[in-house]
Structures are given as structure tokens and as C-alpha cells.
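Take a look at the structure below. We will walk through its spaces and some details of its backbone.

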Amino acid sequence: MSEATTTDFNSGPHRLHGRIPRHATGVVIIDLERLAGNWRALQSLVSPAKCAAVVKANAYGLGVAEVAPVLAGAGADTFFVATLDEAIEVQRLAPDAQVYVLNGVFPGAAGAMIESRAIPVLSSLPEVEEWGTMAPSRLHPLPCALHVDTGLNRLGLSAREIQQLAHNMHLLDRLDVKLVMSHLACADEPGHLKNEQQREIFERLQPLLPSVPLSLAASDGLMLGAKYHFDLVRPGYALYGGQAVAEHPTPVKPVVEAYARVLQVRELAPGHSIGYSATFVAERVTRIAVIAAGYADGCLRHLSAGNNEEGGHVAFAGKLAPIAGRVSMDLITVDITGLEDTQIERGDWAEIIGPNITIEDVGRASGTIGYEVLTRLSHRFTRIYTCKSDFQQPQD
Ligand SMILES: *Cc1c(COP(=O)(O)O)cnc(C)c1O
């Protein structure tokens, strides 16, 4: 019997040979062992503060049904989502967890929130008032978190609203405030002055607010140092292996890989164009691999490349090959002329995200960020969730 190993990020989908259906045109491989490891690494980095887990948007596209139980198993007991429906799903998957709803409650929706026992994050005085009114009495205050605005100017109580709330004992008595939080605007730029300004405003507001646990930092913010940790950090992207800030790498490992099949390899004569709108014209004899992944699979159309327009890449056996021509709904075409030494055949796997192409690489090449790449990951590809036991040989 061979020793169990964690995922080998250099062996591509072949290592999962038995688990990939023969007809699968693409695979998204999600390493649950790494996911759990990432949460543990972040928790030990921020200790004695506590590490929550943000699993909104279907766990950033990775699949909340698989992700939430693994994070709960690793020790996460506080989850953040954006909507009530997401909260109800997480409660089902991690019954002992506390689940916060970042988008709070809008008029008329408080009843459903109360019924679910999810905790709304309240972001304006009218919202706080509406929530307080729902409390049957001051003996039964309703749990909530308060989101205070420290300069993002998106959601959150203003300094003035916080003053008003501080003087409204009648209202405060009806709230069981579990957490006071704010959110940073520029945490992905560690040197940005706004980080420190927001942190100072957050501290300055505390005397006006109930003395409860505090939370300011998400994935990038928690790398700004211990004074940004307060009592609870709220990473999402980093849990999934995201590394938004090259100067301050988060102590996490990649979790996601995506591969798609080569459908054909063809030769293009000089002067001939490829794909819609003929944006790429061969200047020499060009070898093209046609790959079964398109914008419907999350390979954004911005990855397209013409003769004068750089685009994205895929990789074969560790070597990058540039996309040539338009990305279409189901297909991309890739120039493999420079990979003469690599045998590429119909049915082979092209790496789209993996050891040679990070989520950030794809984000940059698509004119967006890795977050958007993750949340748009293909649901057409076969999804494979791996953990340690997948690599253990069965005993006989
Ligand atoms: C999405 C979100 C997070 C998580 O952000 P990451 O950058 O993915 O770590 C934390 N807090 C709030 C308020 C959010 O909206």
C-alpha cells in the first residue's frame, strides 16, 4: 500500500483517471484537503482572533454544498453569506454554525430572516429600526450585527447614524448585537493611506457602540497586520487559494484547477484566419489546438487574442500556449506552434487554471480579477472534489 499523499498539482487530471468520465470535455478539480488547510493556516495566523469563512455566491463558485461542511469540519463556526437563501443553505450544511447575512434585511423581509435564525448584518438606521420593531419585547431582543461605514461608502451606518443609535436606548434594548463590523476599501494596496484611516475611524467609533466582538478585515486586510484583526476576520477569496496581493502573499495554497479537452489539432496556412470576426491571421504555418472550453465555461471572451491583441493562455505539460482568435461560447483556439516538442493530441487535457496558470493570471488576462474568474467557473465541466483518501490505494 502506498502512502497517502495530498493532491499533486503537477500531474493534472491524469492522477484522477478513474474518476473522470470518459466523455467529460472539461473538469474542475477542487481540493477539499487544501481548502481545510487554508482555513487552518489563516486561523493560526490571526489567533487569538477568530477566523470566520465567507461562503457567499456558492462559496465563490466552488460549491457551497461541498465547501461549507469541510470548513465546519476544519473548525470554522462563523459563516458569512450575502443573502437569506444562501444562509438557509449554509445552516442546513453546518447546523451548529452562526450565519451572518451581509446584505441584511429589506422592507418586509424581516419575518423570513427571524424564522431562519440567520443573523442579519444591518447597515443603516432605518434598517436597524425595522429590525428592532420586530423584537417582541426588550426581554427578547433580536440578534444582529451592525455594519458601520468607515469610508467604503457602500453599506454601513454613518457616523451620524451611530450617534443617533447611541442615544436611542429604547431601540438598543431591542437589539442583541453580536458583532460590529466594517469593510476596507483598499486592502489590496497595503501602502494605501485609506487602510489606516479606516482602521482609526473604526476604533474611534467604538465608544458609541455596544461592546461586542469587532471585525474589519477580509482576505487582504488580514495581511495588513495584527492591528487589523480585531476579534474576527472574514476571509473568502484566500480560503479558495486566491492571492490578490503579490507583495503580501497570504499563507494559503491553490485549491482549484480546471482542464478542458483538445477536440482537434489542425494546421493553418499563412494568410488564413481563425474563428469569428477573423481577428487572428496566421503569419506562418500555425498549429492550432481547438479546446472544449468557451465563455459559457467561464473562459471570458476578454481572453480572446488577435494579431494585435494579447489574450490569455492555456498550458500543456507545463508550457504556455497563447489563445489565438475569439473565445466563443463552447470553444477556444490556441496556437501551439511553439510547442513542437510537446505531443498534443485529440482528447488531451489543456490546463486552464492550475500549477502553471493561476486564478490571478486568468483574471489579469481577462481584464478582471481572480474573484470574478472563480465565481464564473464552469458548471458544465465535471466537478471533482478531492480529499486525502482519494489518493490512498485500496487495501487488499
Ligand atoms: C465578500 C466580503 C468579504 C470577503 O472578502 P474576500 O476579499 O473574499 O476575503 C468580507 N466582508 C464583506 C463585507 C464582504 O462583502
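Start with the largest cavity. Its lining is made of 13 residues, and those nearest its centre are Asp297, Gly298, Ile352, Ile353 and Leu377. Keep in mind that this is a predicted model. The largest cavity holds about 90 Å³ of space. By class, its lining has nine nonpolar residues, two polar ones and two charged ones. How many cavities of 30 Å³ or more does a search of the whole structure find? The search finds one.

Now move to the largest pocket. About 890 Å³ of space lies in it. Three elements each give two or more residues to its lining: helix H2 (56-60), helix H10 (359-365) and helix H11 (370-375). In total, 40 residues line the largest pocket. Nearest its centre lie Tyr60, His183, Ala218, Asp220 and Tyr371. The lining of this pocket divides into 22 nonpolar, 11 polar and seven charged residues.

Where does the ligand sit? The ligand is in the largest pocket. Around the ligand are 14 residues. The closest are Lys56, Tyr60, Ser219, Tyr237 and Tyr371. Sorted by class, this shell has eight nonpolar residues, three polar ones and three charged ones. Two names come up twice here: Tyr60 and Tyr371 are among the residues closest to the ligand, and both are also among those nearest the centre of the largest pocket.

Look at the contacts next. An N or O atom in the side chain of Tyr60 is 2.5 Å from an oxygen atom of the ligand. For Lys56, an N or O atom of the side chain is 2.7 Å from a ligand oxygen. Tyr237 uses its backbone: one of its polar backbone atoms is 2.8 Å from an oxygen atom of the ligand. How much of the ligand does the protein cover? On its own, the ligand has 390 Å² of accessible area, and the protein covers 90% of that.

Finish with the backbone. Helix H2, which helps line the largest pocket, contains Ala57. Ala57 is not a glycine, yet its phi is positive, at about 55°. Another detail is found at Pro48. This residue is in the loop between helix H1 (32-46) and strand S2 (50-51). What kind of peptide bond joins Ser47 and Pro48? The bond is cis, with an omega of about 10°.

Methods:
Residues are numbered from 1 along each chain as its sequence is written. This is a predicted model: local features need pLDDT of at least 70, side-chain atom pairs count only at pLDDT 80 or more; totals for chains, interfaces and linings use all residues. Side-chain values use heavy atoms; hydrogens and water are left out. A residue is near a molecule or strand if one of its heavy atoms lies within 4 Å of it. A polar contact is a pair of N or O atoms within 3.5 Å; within protein, one must be able to donate a hydrogen and the other to accept it, and residues adjacent in sequence count only if both atoms are side-chain atoms. Accessible areas come from the Shrake-Rupley method with a 1.4 Å probe; for residues, only the protein chains shown count as cover. On a 1 Å grid over the protein atoms alone, a cavity is a set of points where a 1.4 Å probe fits but cannot get out, and a pocket is an open set with protein on both sides within 12 Å along at least five of seven lines; lining residues have an atom within 4 Å of a point. A molecule sits in a cavity or pocket if more than half of its atoms lie within 2 Å of its grid points. Ala, Val, Leu, Ile, Met, Phe, Trp, Tyr, Cys and Pro count as nonpolar, Asp, Glu, Lys and Arg as charged, and the others, Gly among them, as polar. Grid points are joined across faces, edges and corners, and a volume is the space filled by probe spheres set on the points. Helices (H or I, at least four residues) and strands (E, at least two) are DSSP runs, numbered from the N terminus.
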